Amino acid sequence: QVQLVESGGGLVQPGGSLRLSCTVSGFTVDYYAIGWFRQAPGKVRDAVSCISANSTSTYYADSVKGRFTASRDKITNTAYLQMDSLRSEDSAVYYCAADPACTDGMDYWGKGTLVTVSS
């Protein structure tokens, strides 16, 4: 059974950092594209980042380029999203997702973790 479980969200001050984790079960994290998405209250869900299945490419939304870094560890079967220089507009529920390819309609989704950036 495929499961993705996010963790690491919380309250952080502007300029601070958080690292989100996406623990995967039911498949090997290296064999699928792993995407990170976010949805703020009253807004549509946006793609934040996606690492392709073969790790040849990583997509970042313009709004997070240079501040967020996606990675994954096949030993722990976990994907990560390191978020630095956080801004209030980064506040949202963050979801990880998996699919054979990076796409908005990915096959498997976690339930999300809340990130709040506020002083």
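**Cores, strand pairing and rings in a predicted model**

Author: A place to start in this predicted model is R45, which lies over the face of F37 at 5.7 Å from the ring centre.

Reader: Okay, and which core includes F37?

Author: Before that one, the largest nonpolar core should be introduced: it has 27 residues, and among them W36, F68, L81, M83 and Y94 touch the most other members. F37 belongs to a second, separate core of 5 residues, which also includes A33, C50 and A97.

Reader: Going back to the largest core, which strands each supply at least two residues?

Author: The strands that each supply at least two residues of that core are β3 (18-25), β4 (33-39), β5 (46-51), β7 (68-73), β8 (78-83), β9 (92-99) and β11 (113-117).

Reader: And what does M83 touch, leaving out residues up to four places away in sequence?

Author: With those sequence neighbours not counted, M83 touches G16, S17, L18 and L20, then R67 and F68, and finally Y94 and V115.

Reader: Let's look at β8 itself: how many of its residues are buried?

Author: Strand β8 is mostly covered, with 5 of its 6 residues buried.

Reader: Which way do β3 and β8 run, parallel or antiparallel?

Author: They run antiparallel and are joined by 6 bridges, and within this part of the structure C22 has A79 in β8 as its bridge partner.

Reader: What about β7 and β8, how many bridges there?

Author: Here too the strands run antiparallel, with 6 bridges joining β7 to β8, and the bridge partner of T69 in β8 is Q82. The two strands form a hairpin with 4 residues between them, and N77 in the turn has a positive phi of about 55°.

Reader: Switching to rings, how many aromatic pairs turn up in the whole structure?

Author: A search of the whole structure gives 4 aromatic pairs. One of them is formed by F27 and Y32, whose rings are 4.5 Å apart centre to centre with 45° between the planes, and this pair is tilted.

Reader: Why does F27 count as buried, and why is Y32 only partly exposed?

Author: F27 counts as buried because its relative accessible area is 11%, and the cut-off for buried is under 20%. Y32 has 22% relative accessibility, so it counts as partly exposed.

Reader: Which residues do ring pairs link into a cluster with F27?

Author: Ring pairs link F27 with Y32 and Y108 into a cluster.

Methods:
Residues numbered from 1 in each chain as written. Predicted model: local features only at pLDDT ≥ 70, side-chain atom pairs only at ≥ 80, totals over all residues. Heavy atoms only, no water. Core = buried A, V, L, I, M, F, W, Y, C linked by side-chain atoms within 4.5 Å. Buried < 20%, exposed > 50% of the residue type's maximum accessible area, 1.4 Å probe, protein only. Contact = heavy atoms within 4.5 Å. Pairing = 2+ DSSP bridges. Phe/Tyr/Trp six-rings, centres within 6.5 Å; stacked < 30°, edge-to-face > 60°. Lys NZ or Arg CZ within 6 Å of the ring centre and 35° of its normal.
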